[in-house]
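Please open the model in your viewer and keep the sequence panel beside it. We will go from stop to stop, selecting one part at a time.

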Amino acid sequence: MGNLVAIVGRPNVGKSTLFNRLIQTRQAIVDETSGTTRDRQYGKTEWGGLEFSVVDTGGWVVNSDDIFEEEINKQVKIAIQEADVILFVVDVMNGVTDLDLGVAHILRRAKGKPVILVTNKADNFNVHPLSAEFYSLGLGDPINISAINGAGTGDLLDLVISKF
Ligand code: GDP
Ligand code: MG
């Protein structure tokens with residue numbers, strides 16, 4: 001399959017918005033089956049002359065926090081196994097949550113697997129200082145982006161392909 005980038009994180013941080021932005025018109029849906037709940041969606045994209053695949057995780061049905069945590073952790077573990085680079089997306093406007101801490105805990109133990117901490121919803125520069133709180137996750141520098149307006153996504157992609 002070549003290089004694979006996995007997008008993980010708790011619900012509502014903007015994973016699918018980022019996925020759609022990254023793959024844009026190059027989207028190649030693998031499974032078109034309607035009516036099924038798919039927890040993973042693959043697409044292909046290209047940056048800097050490099051083709052790679054992106055997987056969005058977590059399109060599951062919302063039930064309870066317990067199911068969230070179990071499902072999120074399952075997706076994170078699959079990502080650690082199959083992906084070459086992991087994008088751990090958090091919501092910079094929301095601050096660190098317990099679910100973020102749980103994901104960070106698993107990712108910190110994935111030695112040697114490149115993890116990029118993405119502080120999404122940084123729609124303007126005024127909110128960039130809020131990302132400092134996420135250093136506490138122990139996963140390095142938070143990368144500010146806005147999946148909605150595209151700010152920072154070029155720099156993020158430069159960083160991603162530097163990890164292949
Ligand atoms: P997911 O559950 O992690 O896949 O999150 P979604 O991509 O479904 O987004 C959840 C919500 O956050 C939606 O209402 C999005 O429009 C919103 N959202 C996603 N990215 C951004 C962003 O960069 N800025 C803002 N302001 N909202 C965003
Ligand atoms: Mg989603």
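The tour below begins with the whole chain and then turns to its parts.

This is a predicted model, in which local features need pLDDT of at least 70 and side-chain atom pairs count only at pLDDT 80 or more, while totals for chains, interfaces and linings use all residues. Residues are numbered from 1 along each chain as its sequence is written, and chains are lettered from A and ligands numbered from 1 in the order in which they are written.

Select the whole chain and colour it by secondary structure: there are 4 helices and 6 strands, where helices (H or I, at least four residues) and strands (E, at least two) are DSSP runs numbered from the N terminus. Following the sequence, you will meet them in the pattern β-α-β-β-α-β-α-β-β-α. Of the 164 residues, 35% count as buried, that is, with 20 or more other C-beta atoms within 10 Å of their own, the C-beta atoms being placed from the backbone.

Next, select helix 1, residues 15-23. Its buried residues are Lys 15, Leu 18, Phe 19, Leu 22 and Ile 23. Seen down the helix axis, these residues fall within an arc of 120 degrees, so they line one face of helix 1; the arc is taken from the directions from the axis to the C-beta atoms. An α-helix has 3.6 residues a turn, so residues three or four places apart point the same way. Show the strands as well, since the cover over the buried residues of helix 1 includes strand 1 (4-8), strand 2, strand 3, strand 4 (85-91) and strand 5 (115-120). After the helix comes Gln 24, with a positive phi near 45 degrees.

Which residues are the closest to ligand 1? Select Gly 14, Lys 15, Ser 16, Thr 17 and Ile 148, the closest of the 14 residues that surround ligand 1, counted when the C-beta atom lies within 6 Å of it. Helix 1 gives the largest share of this shell, 3 residues.

Now move to strand 2 (residues 40-47) and strand 3 (residues 50-57), which pair in the antiparallel sense over 8 bridges; pairing requires that DSSP finds at least two bridges. Gly 43 stands opposite Val 54 in strand 3. In this hairpin, with 2 residues between the strands, Gly 48 takes a positive phi near 60 degrees.

Finally, colour by pLDDT, the predictor's confidence in each residue, from 0 to 100. The chain averages 88, and 85% of the residues score at least 70, but over residues 28-37 the pLDDT is below 50. Where pLDDT is low, the predicted coordinates should not be read in detail.

Terms used. Buried ≥ 20, exposed ≤ 12 C-beta atoms within 10 Å, placed from the backbone. Contact = placed C-beta atoms within 7 Å.
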